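Here are a few short exercises to work through with the model open in your viewer. Try each task before reading its solution.

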Amino acid sequence: MRYTYKVFELGPEILDPKTNEIHVNVGESKQMEAMSLKKLQRKLDPKKKYHVEYRNKKNNYISKTIQGINNG
């Protein structure tokens, strides 16, 4: 595989009524490998949101929030 991704599953958004701030619970990280970000998205559940961190081919650090893609 070409890239190694660090994937965090995001929980539901929680609204704090006192400060009106939105908080999200982050799950534990998993190391996943894929040839591209789109191919990684096909491996993930389309009903959940994920935070993904990786380095691209120019060695730049990328941090994204994505959802899985429905393969059907």
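**Exercise 1: Around His-51**

The side chains of His-51 and Ser-63 are joined by a polar contact of 3.1 Å. Keep in mind that this is a predicted model.

Task: find which other side chain makes a polar contact with His-51, and where in the fold His-51 lies.

Solution:
- Start with the address: His-51 belongs to strand β3, which covers residues 49-55.
- Next, look along that strand to Glu-53, whose side chain has a polar contact of 3.3 Å with the side chain of His-51.
- Now widen the view and skip neighbours within four places in sequence: His-51 is in contact with Lys-6, Val-7, Phe-8, Leu-10, Ser-63, Lys-64 and Thr-65.

**Exercise 2: Following Thr-65**

Task: decide whether Thr-65 is buried or exposed, and list its contacts beyond four places in sequence.

Solution:
- Thr-65 sits in strand β4, residues 61-67.
- Its relative accessibility is 53%, so Thr-65 counts as exposed, the cut-off being over 50%.
- Leaving out neighbours within four places, Thr-65 is in contact with Leu-10, Tyr-50 and His-51.
- For a distance check, take Glu-53: from C-alpha to C-alpha it is 9.0 Å from Thr-65, with their positions 12 residues apart in sequence.

**Exercise 3: Tyrosine rings**

Task: work out how many aromatic pairs there are, then describe how the rings of Tyr-5 and Tyr-54 are arranged.

Solution:
- The count is 3 aromatic pairs.
- In the pair made by Tyr-5 and Tyr-54, the centres are 4.8 Å apart and the planes make an angle of 55°, which is a tilted arrangement.
- This pair links distant parts of the chain, since Tyr-5 is in strand β1 (residues 3-16) and Tyr-54 is in strand β3, 49 residues apart.
- Check the burial too: Tyr-5 is buried because its relative accessible area is 1%, and Tyr-54 counts as buried at 14%. The cut-off here is under 20%.
- Finally, add Tyr-3, which forms one aromatic cluster with Tyr-5 and Tyr-54.

**Exercise 4: A nonpolar patch**

Task: name the residues that make the nonpolar surface patch, and say which strand gives the largest share.

Solution:
- The patch is made by Leu-15, Ile-22, Val-24 and Val-26, and its area is about 360 Å².
- Strand β2, residues 21-34, supplies the largest share, with 3 residues.
- Val-26 is placed in strand β2, and with 53% relative accessibility Val-26 counts as exposed.

Key. Residues numbered from 1 in each chain as written. Predicted model: local features only at pLDDT ≥ 70, side-chain atom pairs only at ≥ 80, totals over all residues. Heavy atoms only, no water. Patch = residues over 30% accessible without salt bridge, like charges linked within 9 Å, V, L, I, M, F, W, Y side chains within 5 Å. Areas by Shrake-Rupley, 256 points an atom, 1.4 Å probe, with all protein chains shown as cover. Salt bridge = Lys/Arg side-chain N within 4 Å of Asp/Glu carboxyl O. Helix = DSSP H or I, 4+ residues; strand = E, 2+ residues; numbered from the N terminus. Buried < 20%, exposed > 50% of the residue type's maximum accessible area, 1.4 Å probe, protein only. Polar contact = N/O pair within 3.5 Å; in protein donor to acceptor, adjacent residues only side chain to side chain. Contact = heavy atoms within 4.5 Å. Phe/Tyr/Trp six-rings, centres within 6.5 Å; stacked < 30°, edge-to-face > 60°.
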